[in-house]
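Biologist: Before I rely on any label in this model, I would like to hear the reasoning behind it. Please take me through the terms one at a time.

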Amino acid sequence: MRGHTTADRWLVGQEAVRLLRRRYRRRLLAVGMYGSTARGEDEPYSDVELTAFVRGRGADRRHEGIVRGLKWTVDVTTPDVARRDLTRLDIGWPLVAGIYAAAGRLYDPSGLYGRLAALYRRSARRSFRRAVRAEFVDHFSERFGKFFNA
């Protein structure tokens with residue numbers, strides 16, 4: 001089996017957009033590619049990873065398949081979930097930022113990905129400062145208490 005090119009993966013992404021538009025109709029807001037292909041780091045056997053944003057019910061689904069020998073995955077979610085994930089700093093936050101804010105746009109008529117990227121930039125500064133401050137205060141308080149208890 002031969003490997004695939006970056007162009008092959010983007011074509012599969014475009015095919016997925018056509019299928020998603022047919023399935024979700026007007027509820028489909030945006031589709032983006034994330035992972036190694038979106039970053040330009042894909043290799044001959046990389047898969048196709050997509051996120052689709054929909055309006056209303058029917059989100060939080062995963063569709064998977066193989067097209068022309070390429071494995072693809074589409075995670076279906078809502079903009080509200082993305083906004084929540086982008087403004088909550090935790091261990092998975094850097095991965096979420098790549099999925100939502102740095103995706104390669106395949107279909108985005110309303111500019112949703114641009115708004116998510118802007119939210120990420122604002123949240124990154126605010127959340128990071130808050131998390132570092134909290135960690136520093138907690139860590140410092142604990143060490144300070146141990147020093148005086150010794």
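What follows is a conversation about the labels given to parts of this structure.

Modeller: Keep in mind throughout that this is a predicted model.

Biologist: How is the sheet ordered, and what makes β3 and β5 its edge strands?

Modeller: The sheet is open and has 5 strands in the order β3-β4-β2-β1-β5, with mixed pairing. Strands β3 (61-67) and β5 (104-107) each pair on one side only, and that is what makes them edges. From one strand to the next, the twist averages 25°.

Biologist: How do you know that β1 and β5 are paired?

Modeller: Two strands need at least two bridges to pair. Between β1 (residues 28-34) and β5 there are 3 bridges, and the two strands run antiparallel. M33 has G104 of β5 as its bridge partner.

Biologist: What does helix α1 touch on the sheet?

Modeller: Helix α1 (residues 6-24) packs on the sheet and touches β1, β2 (48-54), β3, β4 (70-77) and β5. Its direction makes about 160° with that of β1. Among the buried residues of α1 are V12, A16, V17 and L20. Their cover includes α2 (36-39) as well as strands such as β2 and β4.

Biologist: How do you know that the length of α1 agrees with its number of residues?

Modeller: The expected span is 1.5 Å times one less than the number of residues. For the 19 residues of α1 that gives 27 Å, and the end C-alpha atoms are 27 Å apart, so the two agree.

Biologist: Why is R25 called exposed?

Modeller: Exposed means over 50% relative accessible area. R25 has 63%, so it counts as exposed. R25 sits in the loop between α1 and β1, and its phi is near 50°, a positive value in a residue other than glycine.

Biologist: What makes R68 exposed?

Modeller: The relative accessible area of R68 is 52%, and the cut-off is over 50%, so R68 is exposed. R68 lies in the loop between β3 and β4 and also has a positive phi, near 50°.

Biologist: Why is T5 called partly exposed and S46 buried?

Modeller: Buried means under 20%, and partly exposed falls between that and the exposed range. T5, at 42%, is therefore partly exposed. S46, at 15%, is therefore buried. T5 and S46 are 41 residues apart in sequence, with their C-alpha atoms 9.1 Å apart in space. Leaving aside neighbours within four places in sequence, S46 is in contact with R9, S36 and L70.

Biologist: What makes the approach of S46 to E43 a polar contact?

Modeller: The limit for such a pair of N or O atoms is 3.5 Å. The side chain of S46 reaches the backbone nitrogen of E43 at 2.8 Å.

Biologist: Why is the pair of F53 and Y113 called edge-to-face?

Modeller: Ring centres must lie within 6.5 Å, and planes over 60 degrees apart count as edge-to-face. Here the centres are 5.5 Å apart and the planes are at 70°, so the pair is edge-to-face. The pair links F53 in strand β2 with Y113 in helix α5 (residues 112-149), 60 residues apart.

Biologist: What makes the pair of F53 and Y100 tilted?

Modeller: Stacked planes are under 30 degrees apart and edge-to-face planes over 60, and the rest count as tilted. F53 and Y100 have 50° between their planes and 5.7 Å centre to centre, and are tilted. Ring pairs link F53, Y100 and Y113 into a cluster.

Conventions: Residues numbered from 1 in each chain as written. Predicted model: local features only at pLDDT ≥ 70, side-chain atom pairs only at ≥ 80, totals over all residues. Heavy atoms only, no water. Helix = DSSP H or I, 4+ residues; strand = E, 2+ residues; numbered from the N terminus. Axes fitted to C-alpha atoms, helices over the stretch in contact; angles between N-to-C directions. Contact = heavy atoms within 4.5 Å. Buried < 20%, exposed > 50% of the residue type's maximum accessible area, 1.4 Å probe, protein only. Polar contact = N/O pair within 3.5 Å; in protein donor to acceptor, adjacent residues only side chain to side chain. Phe/Tyr/Trp six-rings, centres within 6.5 Å; stacked < 30°, edge-to-face > 60°.
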